[in-house]
Amino acid sequence: MRARQKELAKWDEEAGANGRLRRACDEQAKVPSEDSMKYLITLIGAIFFFCRLDHVKFSWQPGLRSRKGPYGKTISRWIDGMWEKEVEIVMDPNDWHEEKRVRDHFSALMGTLLHECAHAFLDSFSCDGYCEADACRVSRTRVEGGSGHGSAWFRVVTYVEACANANMYGQWKLGLENGMWSEVWKEERVIGEEDIRLCHPRYQQYLRYKGREVIREWRSEMRVSRRVSRRVGRRVSRR
Ligand SMILES: [Zn+2]
Ligand SMILES: [Zn+2]
């Protein structure tokens with residue numbers, strides 16, 4: 001994947017080492033305005049997604065993460081009779097860089113933004129079962145994923161993260177592990193070997209290892225939560 005030079009230069013002006021938006025965030029703890037985020041989405045669209053993110057809206061939602069929610073989310077819905085979708089990215093502006101283990105607030109925000117842009121791109125052009133074709137229904141859980149973190153998302157995001165780390169200033173973490181966790185809670189599965197082989201080569205070993213770890217932890221959490229619910233059940237029945 002080769003990023004486009006002109007848009008990369010514009011990205012650098014805003015979000016590079018001395019970028020306007022990065023400096024405002026580092027020095028004055030100011031997050032970019034919603035319009036600036038929308039501009040960054042357009043640049044990301046041009047760099048990675050064939051200029052296909054211009055329709056995506058953006059808004060900040062303070063407290064999204066602290067209410068046990070995600071760092072960001074992508075909301076999409078069909079526009080009636082238009083074969084088109086309305087797509088919006090919503091993100092928590094608060095500083096979660098320590099929890100995300102990246103070096104600063106701005107890097108954390110940009111990692112989340114790229115994560116969501118991959119959703120926005122895939123959501124914009126996937127059918128969500130509208131076609132009602134059997135083949136589509138059969139592959140949907142695997143490819144789109146119940147939480148949006150199916151094989152398509154991993155294929156896109158591993159290439160985008162590798163390319164961002166090579167070409168864009170910053171420490172890029174697009175939340176591969178979080179994606180796995182969302183999918184395991186929703187569909188009780190992680191990305192399988194045949195799909196891992198289609199991801200960026202640098203991430204394949206990581207995905208195999210993480211997949212096994214996530215499944216192991218998930219199973220033990222399931223056992224704990226079943227024990228807890230049995231105990232709670234007994235207490236309630238005694239009353
Ligand atoms: Zn379909
Ligand atoms: Zn996600």
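**Exercise 1. A non-glycine residue with positive phi**

Where is C51 found? Find its place, its backbone angle and its exposure.

*Solution.*
- This is a predicted model; local features need pLDDT of at least 70, side-chain atom pairs count only at pLDDT 80 or more, and totals for chains, interfaces and linings use all residues. Residues are numbered from 1 along each chain as its sequence is written, while chains are lettered from A and ligands numbered from 1 in the order in which they are written.
- Place: C51 is found in the loop between α3 and β1 (57-60). Helices (H or I, at least four residues) and strands (E, at least two) are DSSP runs, numbered from the N terminus.
- Angle: phi of C51 is positive, about 60°, although C51 is not a glycine.
- Exposure: C51 is exposed, because 12 other C-beta atoms lie within 10 Å. The cut-offs: buried means 20 or more other C-beta atoms within 10 Å of the residue's own, exposed means 12 or fewer, and partly exposed is in between, with C-beta atoms placed from the backbone.

**Exercise 2. The loop between α5 and α6**

Describe E132 and C127.

*Solution.*
- E132 lies in the loop between α5 and α6. E132 has a positive phi of about 60° although it is not a glycine.
- E132 has 8 C-beta neighbours inside 10 Å, so E132 counts as exposed.
- C127 is found in the loop between α5 and α6. C127 is partly exposed, because 13 other C-beta atoms lie within 10 Å.
- C127 and R140 are 13 residues apart in sequence; C-alpha to C-alpha, they are 9.4 Å apart in space.

**Exercise 3. How α1 packs on two helices**

Classify the packing of α1 with α3, then with α2.

*Solution.*
- Start with α3. The angle between α1 and α3 is about 150°, and their axes are 9 Å apart. Axes are lines fitted to C-alpha atoms, for helices over the stretch in contact, and angles run from 0 to 180 degrees between N-to-C directions.
- Therefore α1 is roughly antiparallel to α3. The classes: under 35 degrees is roughly parallel, over 145 roughly antiparallel, 65 to 115 roughly perpendicular and the rest oblique.
- α1 passes α3 in a left-handed crossing. A crossing is left-handed if the near helix is turned anticlockwise from the far one by less than a right angle, and right-handed if clockwise.
- On α1, the contact uses E7, L8, K10, W11, E14 and A15; on α3, it uses L40, L43, A46 and I47. Residues are in contact if their C-beta atoms, placed from the backbone, lie within 7 Å.
- By class, the contact of α1 with α3 has seven nonpolar, no polar and three charged residues. Ala, Val, Leu, Ile, Met, Phe, Trp, Tyr, Cys and Pro count as nonpolar, Asp, Glu, Lys and Arg as charged, and the others, Gly among them, as polar.
- Now α2. The angle between α1 and α2 is about 20°, with axes 3 Å apart. Therefore α1 is roughly parallel to α2.
- E13, E14 and A15 of α1 meet R20, L21 and R22 of α2. This contact of α1 with α2 holds two nonpolar, no polar and four charged residues.

**Exercise 4. α5 against α7**

Work out the geometry and the contact residues.

*Solution.*
- α5 (residues 105-124) and α7 (residues 151-167) pack at about 135°, with axes 10 Å apart. Therefore α5 is oblique to α7.
- The crossing of α5 past α7 is right-handed.
- α5 supplies L114, H115, A118, H119 and L122, and α7 supplies A152, W153, V156, V157, V160 and A164.
- The contact of α5 with α7 divides into nine nonpolar, two polar and no charged residues.

**Exercise 5. The largest nonpolar core**

Which residues touch the most other members of the largest nonpolar core?

*Solution.*
- Among its 47 residues, they are I41, I44, L114, C117 and A118. A nonpolar core is a set of buried Ala, Val, Leu, Ile, Met, Phe, Trp, Tyr and Cys residues joined through C-beta atoms within 7 Å.
- α1 (5-15), α2 (20-28), α3 (34-48), β3 (84-91), α5, α7 and α8 (176-187) each supply at least two residues of this core. α5 gives the most, with eleven residues.
- Not counting residues up to four places away in sequence, I44 touches F49, L53, L114 and C117.

**Exercise 6. V143**

Place V143 and list its contacts.

*Solution.*
- V143 is found in helix α6 (residues 134-143). V143 is partly exposed, because 16 other C-beta atoms lie within 10 Å.
- Leaving aside neighbours within four places in sequence, V143 is in contact with G150, S151 and A152.

Methods. Contact = placed C-beta atoms within 7 Å.
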